[in-house]
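Grab a pencil and open the viewer. Below are a few exercises, each followed by a worked solution.

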Amino acid sequence: MEQLVVINGSPKGKKSVSLKFVEYLQKKNPQTAFRYFHVAQDIRSYSRNPESWTALKDALEQAQGVIWVFPVYIFHVPAALMRFVELVREKGLQGAFEGKYTTCVSTSIHFYDNLTHDWMRSALEGLGMRYIPPFTADQADFFHPESRRNLEWFFADFQEAIRERRRVERRFAPLAAPSWTYTPGPATEPVDLKGKRAVVVVDREGPGTNIGAMVRRLVSAFKGQVDVVELEKLTIRGGCLGCMKCAFDHDCTYADKDDIRNVYLTLLDPADIIVYAGALQDRYFSSLMKLFVERRFMRTHYPFMKGKQVALLVAGPLSQAQLLYDTFDADVQVCMGHFAGAVSDECGESAALDTYIDTMARQLTRYAQAGYLPPDTFLGIAGRKLFRDEVWGRYRFLFQADHRYYRKTGFYDFPQKDWRTRWQNFLLTLRLMNPKTRRQMRNTLSGFMVKPLMNELEKM
Ligand SMILES: Cc1cc2nc3c(=O)[nH]c(=O)nc-3n(C[C@H](O)[C@H](O)[C@H](O)COP(=O)(O)O)c2cc1C
């Protein structure tokens with residue numbers, strides 16, 4: 001009998017929606033044995049209790065394949081699942097996963113599920129697993145016959161890959177290891193924040209990385225209020241539980257039982273500049289930084305970085321981790337801030353890194369003082385439209401706080417409310433029914449588009 005291990009990365013454990021997709025597959029395939037491990041919900045036990053791993057290791061030994069099932073949580077897998085992957089490495093258990101065929105099943109509203117799955121793929125390839133493309137569902141797909149057919153086909157193909165020992169190509173090369181020590185040179189004249197506030201959120205410091213020295217250099221490059229949040233020093237009870245209690249009024253179930261809410265309220269909210277600093281782990285920061293980012297879901301879909309300047313300070317080969325860059329770029333844009341880029345120690349030379357960090361401090365200050373917010377790219381624009389439609393649409397009953405905010409601030413910019421454009425479209429469509437007008441229009445279309453801009457320029 002074929003045996004599969006299912007690693008459930010939803011903090012909701014057996015109540016996970018994503019898990020139901022795998023349970024559906026189990027019903028359809030009674031000849032296959034599925035063994036479930038709710039690693040995100042039980043992450044404390046996996047962290048502290050070595051016996052928790054025994055059953056998993058036994059199951060992996062007998063299994064032909066591994067299915068990872070999880071929700072998308074803020075552009076990424078839940079922090080607890082990320083922590084689980086870290087623990088596999090810290091405990092030297094890669095061998096139990098290596099060479100096994102693996103795939104992923106997720107549910108989400110498709111908001112950056114692509115980045116989430118890329119991270120997961122890079123992590124699983126890092127464990128030496130043979131990766132088969134995932135099934136990325138919306139919760140509602142569960143009820144569509146067409147989606148169910150696709151889900152069944154996906155699973156049959158996964159089984160086929162195992163049987164035929166399909167050759168699969170690795171997409172993400174291993175990250176280069178840290179190889180040099182940064183020694184900051186003499187400080188230059190710090191840039192005056194002139195009343196603007198900066199905050200640096202510092203991840204767990206990886207052994208042998210340069211991030212500590214990089215943070216110190218950055219902080220000394222500013223003159224004015226710079227708060228440093230060292231995540232390792234905070235009291236943290238856990239990652240987001242997905243309980244959704246925040247949806248009605250943006251109030252988190254953890255409340256003040258740990259430090260996170262207070263840090264957001266007193267340091268990040270009033271800041272004009274936020275720098276996230278840490279060493280690369282896989283292609284993101286550590287699970288601790290992910291946990292911190294994820295807990296801001298207490299504000300659900302509220303654009304919490306509105307008007308802020310945000311940047312990254314990264315120890316590690318950033319050019320191999322476009323994923324980290326894209327994740328923050330998209331997040332900041334959707335949250336209506338300005339993603340001002342990233343500095344890493346990849347240059348391999350202390351004097352050059354000094355200059356990059358000093359320049360970053362200067363630029364962030366200049367942007368903040370000017371209130372500079374360049375136009376968003378697709379990442380921000382498309383992301384906000386998805387939120388707009390989901391909050392107005394099927395989740396309005398739940399995300400009431402978002403709905404109130406979106407209504408008040410003009411987030412609901414649906415094109416069907418733009419009566420001027422609708423009227424214009426109606427008239428132009430009517431005119432273009434005439435073949436002669438249509439022909440004329442075809443020949444002058446490029447001029448037609450640029451005419452209003454030319455008129456405006458002429459008036460200047
Ligand atoms: C903390 C949190 C963050 C979320 N972030 C995202 C996201 O970035 N993108 C997305 O498409 N859905 C996001 N969602 C929605 C979940 O992915 C979705 O509800 C999923 O179906 C939950 O699956 P589960 O029941 O298996 O945990 C988020 C939900 C929560 C609770």
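**Exercise 1. The overall fold**

How many helices and how many strands does the protein have? Then work out how its radius of gyration sits against the globule rule.

*Solution.* Keep in mind that this is a predicted model. Start by counting elements: the protein has 16 helices and 13 strands. Next comes the radius of gyration, which is 25 Å. For 460 residues the globule rule gives 23 Å, and the two values are close, so the protein is as compact as a globular protein of that length. For the dimensions, the C-alpha trace spans about 75 × 70 × 45 Å along its principal axes. Finish with burial: 51% of the 460 residues are buried.

**Exercise 2. Around the ligand**

Find out which residues are closest to the ligand, and describe the shell they belong to.

*Solution.* Begin with the head count: 20 residues surround the ligand, and the closest are K12, S16, V17, S18 and T107. Sort the shell by character and you get eleven nonpolar residues, eight polar ones and one charged.

Now go through some polar atom pairs:

- S16 puts a polar side-chain atom 2.6 Å from an oxygen atom of the ligand.
- I74 uses its backbone, where a polar atom is 2.8 Å from a nitrogen atom of the ligand.
- F111 has a polar backbone atom 2.9 Å from an oxygen atom of the ligand.

How much of the ligand does the protein bury? Taken alone, the ligand exposes 640 Å², and 93% of that is buried by the protein. As for secondary structure, α1 (17-28) and β4 (101-108) are the elements that give two or more residues to the shell.

**Exercise 3. Placing the ligand among the domains**

Why does the ligand lie between domain 1 and domain 2?

*Solution.* Check which domains supply residues to the shell. Domain 1 (3-163) does, and domain 2 (191-378) does too, so the ligand lies between them.

**Exercise 4. Two unusual backbones**

Look at the phi angles of I74 and H250, then locate each residue in the fold.

*Solution.* First, the background: most residues other than glycine have a negative phi. I74 is not a glycine, yet its phi is positive, about 50°. Trace the chain and you'll find I74 in the loop between β3 (65-71) and α4 (79-90). Is I74 buried or exposed? Its relative accessibility is 15%, and the cut-off for buried is under 20%, so I74 counts as buried. Recall that I74 also has the backbone atom 2.8 Å from a ligand nitrogen.

Turn to H250: here phi is positive as well, about 60°, again in a residue that is not a glycine. H250 sits in the loop between β10 (226-230) and α9 (260-268).

Conventions: Residues numbered from 1 in each chain as written. Predicted model: local features only at pLDDT ≥ 70, side-chain atom pairs only at ≥ 80, totals over all residues. Heavy atoms only, no water. Near = heavy atom within 4 Å. Polar contact = N/O pair within 3.5 Å; in protein donor to acceptor, adjacent residues only side chain to side chain. Areas by Shrake-Rupley, 256 points an atom, 1.4 Å probe, with all protein chains shown as cover. Helix = DSSP H or I, 4+ residues; strand = E, 2+ residues; numbered from the N terminus. Nonpolar A, V, L, I, M, F, W, Y, C, P; charged D, E, K, R; others polar. Domains from an automatic or database assignment. Rg over C-alpha atoms; globule rule 2.2 N^0.38 Å. Buried < 20%, exposed > 50% of the residue type's maximum accessible area, 1.4 Å probe, protein only.
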